[in-house]
Each structure stands twice: as structure tokens, then as C-alpha cells.
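Please read the numbered points below alongside the sequence and the model. They are meant for someone who has not seen this structure before.

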Amino acid sequence: MRPDADGPGPGPGPGRTLFRFVRHWSRRIPGAGPERGRDVMVTEAVLARQEEGGATVNAVAEELGIDQSGASRLAAQAERRGYLRKAPAPGDARRRVLVVTDEGAELLRAAHRRQESVFAGLTADWTGAEVEEFHRLMRRLTAARHDPPDRGGRSERG
């Protein structure tokens, strides 16, 4: 079997394709060096967890799929650069959570604009319907993290 194949067939299966897709896009922030890319990555993770009720270092580590010490280093660097700050946790002032600052929000807006531009360039020869369908399917795939479908393909929530 070829190293790029997941099983029988002419090329990589969906699992391998998804792995390549995620690895490619998670490490490449257009127009940014590796340090900026890490700042964007951790700030995006904090925003995601902030919206879910609390961005602790452990929650950020889980969001990024890394260990707590790695998440702590990334968060500390982003905090030193002004993209994140620590704040008392809602309902428990003894706990600290990470919060995206105004500078962090601007960092994310700029990164999203660059990503939108790259996406538009890569899909320039797609129809509007193809772009919308791909976007819809990406949203569905990422939503499955919170609401995995059952064996019949239906969301557990309905």
C-alpha cells in the first residue's frame, strides 16, 4: 500500500485528506511568520473557549490538542504581546481565565481577512454555489465536534 493511501482506491481516503487539510491550514497564516501564526492560533483558541464560557489554560490546551505546559507558554507569549489578558473567572474570582484583548481581536480580524483572501484565490474558478456548499460542509464538519452525528448521520440534538 502507498504511504499516502488510507485503504483501497486511487488515493488518500477522507481521513488522510482531512489530516492534510487541517495540518496545512492550521500552520499557515498567510503573510505571517511562525511566531505570528502561533499568536493567532492561541488567540483563536481562547476566543473559541471564551465564547463557550471560559478560557482556562487547560481548556485552551484541549482546544489546540496540546499539553497544558505548551498551551501555557503560547498563552504567556500572546499575553506579553498584548493579545490576551488574564481576568477573574465569572462566578469564581479565585480562578483566572484568558480573555482576548482589543489588540487580540484586531490580530484575529487581520488573520481572518488574509485567510478569506487566500480562500477566495484558491476557489476563484469555483462557482458561487460550490463555494457556498464547501463552506456549508466545513461548518457542518466543525459543528460535529460539539454535536457528533449518530450512526444514521443525524445530529444528536435533532
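1. In the hairpin of β1 and β2, two residues lie between the strands, and G91 has a positive phi near 85 degrees. Strand β1 covers residues 84–89 and strand β2 residues 92–100; they pair in the antiparallel sense over six bridges. Pairing here requires that DSSP finds at least two bridges between two strands. One of the bridge partners is given by L84, which is matched with V100 in β2.

2. The model is predicted: local features need pLDDT of at least 70, side-chain atom pairs count only at pLDDT 80 or more, and totals for chains, interfaces and linings use all residues. Residues are numbered from 1 along each chain as its sequence is written, and side-chain values use heavy atoms, with hydrogens and water left out.

3. On confidence, the mean pLDDT of the chain is 82, and 78% of its residues reach 70 or more; pLDDT is the predictor's confidence in each residue, from 0 to 100. Among the elements, helix α4 (residues 68–80) has the highest mean pLDDT, 96, and helix α1 (residues 14–26) the lowest, 75. Over residues 1–6 the pLDDT is below 50, and this stretch has 19 contacts in the model beyond near neighbours in sequence. A contact means heavy atoms within 4.5 Å.

4. The chain holds six helices and two strands, in the order α-α-α-α-β-β-α-α along the sequence. Helices (H or I, at least four residues) and strands (E, at least two) are DSSP runs, numbered from the N terminus. Of the contacts between residues at least 6 apart in sequence, 39% join residues at least 24 apart.

5. Of the 158 residues in the chain, 27% are buried. Buried means under 20% relative accessible area, exposed over 50%, and partly exposed in between (1.4 Å probe, protein chains only). The chain exposes about 10,600 Å², and carbon and sulfur atoms supply 54% of that area. Accessible areas come from the Shrake-Rupley method with a 1.4 Å probe, and for residues only the protein chains shown count as cover.

6. Which residues make the nonpolar surface patch? L18, F21, V22 and L141 do, over about 340 Å². Helix α1 gives the largest share, three residues. V22 lies in helix α1 and is partly exposed, at 42% relative accessible area. Patches are made of residues with over 30% relative accessible area and no salt bridge; like charges are joined within 9 Å, and nonpolar side chains (Val, Leu, Ile, Met, Phe, Trp, Tyr) within 5 Å.

7. The structure holds nine salt bridges. A salt bridge is a side-chain nitrogen of Lys or Arg within 4 Å of a carboxyl oxygen of Asp or Glu. K86 forms one with E79, and their closest N and O atoms are 3.8 Å apart. K86 is partly exposed at 43%, and E79 is also partly exposed, at 28%.

8. R94 and D92 form another salt bridge, at 3.1 Å from N to O. Here R94 is exposed, with 76% relative accessibility, whereas D92 is buried, with 18%.

9. In helix α6 (residues 128–143), E133 and R136 are three residues apart, so they are separated by about one helical turn. Their side chains meet in a salt bridge of 2.8 Å, N to O. E133 is partly exposed at 35%, and R136 is partly exposed at 35%.

10. Is R49 buried or exposed? R49 counts as buried, at 11% relative accessibility. R49 lies in helix α2 (residues 34–51) and is linked with E62 and E63 in a network of salt bridges. Apart from neighbours within four places in sequence, R49 is in contact with G54, A55, A59, E62, E63 and R145.

11. D39 is also placed in helix α2. D39 is buried, at 3% relative accessibility. With neighbours within four places in sequence left aside, D39 is in contact with Q77, A78, R81, Y83 and L107.
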